[in-house]
Amino acid sequence: MKASNPTLVVLGYRRQIVYHLHFWALVAAAPLILVQWSLDHKLLAALLALFCVNAVAVMACLRWRQKYLFEGRFFAILAALCAVYSTAINGYPGLYWSYPVIASIFFLLSLREACISNILFIGAMAMVSFGQFPEPDFWRIVFSLALTCIFVLVFAWLVGRLQTELTRLATTDPLTGCLNRSQLADILNSQIQLRERYERVSSLILIDLDHFKAVNDRWGHVAGDNVLQEAANRLRRRLRDSDQLFRIGGEEFMLVLPETRQKDAETLAHQLLTTISAGPFLEDIQLTASAGVTEVIKGETWSTWLNRADQALYSAKSKGRNRTVTLRGSMDSDAPGPENATNLS
């Protein structure tokens, strides 16, 4: 299934990587159980069997329960133990498996855990190699393992940075730095679920800058962009860390306020509109704004909740702008409740 939320898209690809890594590790390790058993290496065969069981369990949980079992830690422990023990009893044939183990650990664990795990793994391999191989080979093995670790570390770090940056670009408005519509449905749905399950209320505020088109027409689009950036900054300075600010239209902003009653949201809306109109933008551009406020109610969808806030905003603009309109929800989602309008002029 295709996901519209960039965070979920990244999570989906990560799960595919985990699934395929466990699958091909299972394909590679399963035949070795019989090989090591035939060589009378029963402990190594048992470790490999446990490794394969873990791989099957992880793949099954990913496919049918959408859960990443053990978060890759069991895989890393078993893979490292098998490689170290195989090198100790088999020599070079066991050593060859240490390189894919290093790479797989970086793919499965967080960067911090992967670095710690690989340092311990290389240390264990160094101790085994010191007693198992000639000194020249020992140094080659240690340096080649260390270089492999460094190369994969750099790659994993850059991929992680790239993933974070791409997610940021996909989820935020490039002009104002506010969240965009890509996560709107998920965030509103999460607040609705909190309301349904735990009676935790949330409120929405829609804010629209009044007569913003006149700014673009008179001062140009560059000035208009600067005004939008400054407006977003003014709004952001009045919010809590838990509040979320979206830009959902040209000059329209949305605020999601967790744990906030409608009355408190209305008070905040007054303060935000006062903040916008308190001082000029770009020295001589004076603006006001209108706001629509509403609280989530049980049994409604996120689109119904948002539509009610949009109706409140439309009412504020139709009543003369520079004001807040609060629209109370009704148990009948098609019949909006009474509204309360406050003029700031």
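Which residues form one aromatic cluster? They are Phe130, Phe138, Trp139 and Phe143. Keep in mind as you explore that this is a predicted model.

Let us begin with helix H6, which runs through residues 111–132. With 22 residues at 1.5 Å a residue, H6 should span 32 Å, and its end C-alpha atoms are 31 Å apart, so the two values agree. Several residues of this helix are buried: Ala114, Asn118, Phe121, Ile122, Met125, Ala126, Val128 and Ser129. What hides them from view? The cover includes helix H3 (73–90), helix H4 (92–95), helix H5 (98–108) and helix H7 (135–171).

Now for the rings. The structure holds 8 aromatic pairs. One of them joins Tyr92 and Phe133 in a tilted arrangement, with 4.4 Å from centre to centre and 35 degrees between the planes. This pair links distant parts of the chain, since Tyr92 belongs to helix H4 while Phe133 lies in the loop between H6 and H7, 41 residues apart. Is each partner buried or exposed? Tyr92 counts as partly exposed because its relative accessibility is 32%, between the limits of 20% and 50%. Phe133 has a relative accessibility of 8%, under the 20% limit, and therefore counts as buried.

A further pair brings us back to the opening cluster. Phe138 and Trp139 meet edge-to-face, their centres 5.0 Å apart and their planes at 65 degrees. Here too the partners can be told apart by their accessibility: Phe138, at 9%, counts as buried, whereas Trp139, at 44%, is partly exposed. Both belong to the cluster with Phe130 and Phe143.

Rings can also have a charge sitting over them. The charged end of Lys42 is placed over the ring of Trp37, 5.0 Å from the ring centre. Likewise, the charged end of Arg234 sits over the ring of Phe281, at 3.9 Å from its centre.

Our last stop is Arg195, found in helix H8 (residues 184–198). Its C-alpha atom is separated by 45 Å from that of Asn118, a residue 77 places away along the chain. Arg195 has a relative accessible area of 13%, so this residue is buried. What does Arg195 touch, leaving aside residues up to four places away in sequence? The answer is Arg200, Val201, Glu295, Val296, Ile297 and Lys298. The side chain of Arg195 also makes a polar contact, at 3.2 Å, with the side chain of Glu199.

Methods:
Residues are numbered from 1 along each chain as its sequence is written. This is a predicted model: local features need pLDDT of at least 70, side-chain atom pairs count only at pLDDT 80 or more; totals for chains, interfaces and linings use all residues. Side-chain values use heavy atoms; hydrogens and water are left out. Helices (H or I, at least four residues) and strands (E, at least two) are DSSP runs, numbered from the N terminus. The expected span of a helix is 1.5 Å times one less than its number of residues. Buried means under 20% relative accessible area, exposed over 50%, partly exposed in between (1.4 Å probe, protein chains only). Contact means heavy atoms within 4.5 Å. Rings of Phe, Tyr and Trp (its six-membered ring) pair if their centres lie within 6.5 Å; planes under 30 degrees apart count as stacked, over 60 as edge-to-face and the rest as tilted. A charge sits over a ring if NZ of Lys or CZ of Arg is within 6 Å of the ring centre and within 35 degrees of the ring normal. A polar contact is a pair of N or O atoms within 3.5 Å; within protein, one must be able to donate a hydrogen and the other to accept it, and residues adjacent in sequence count only if both atoms are side-chain atoms.
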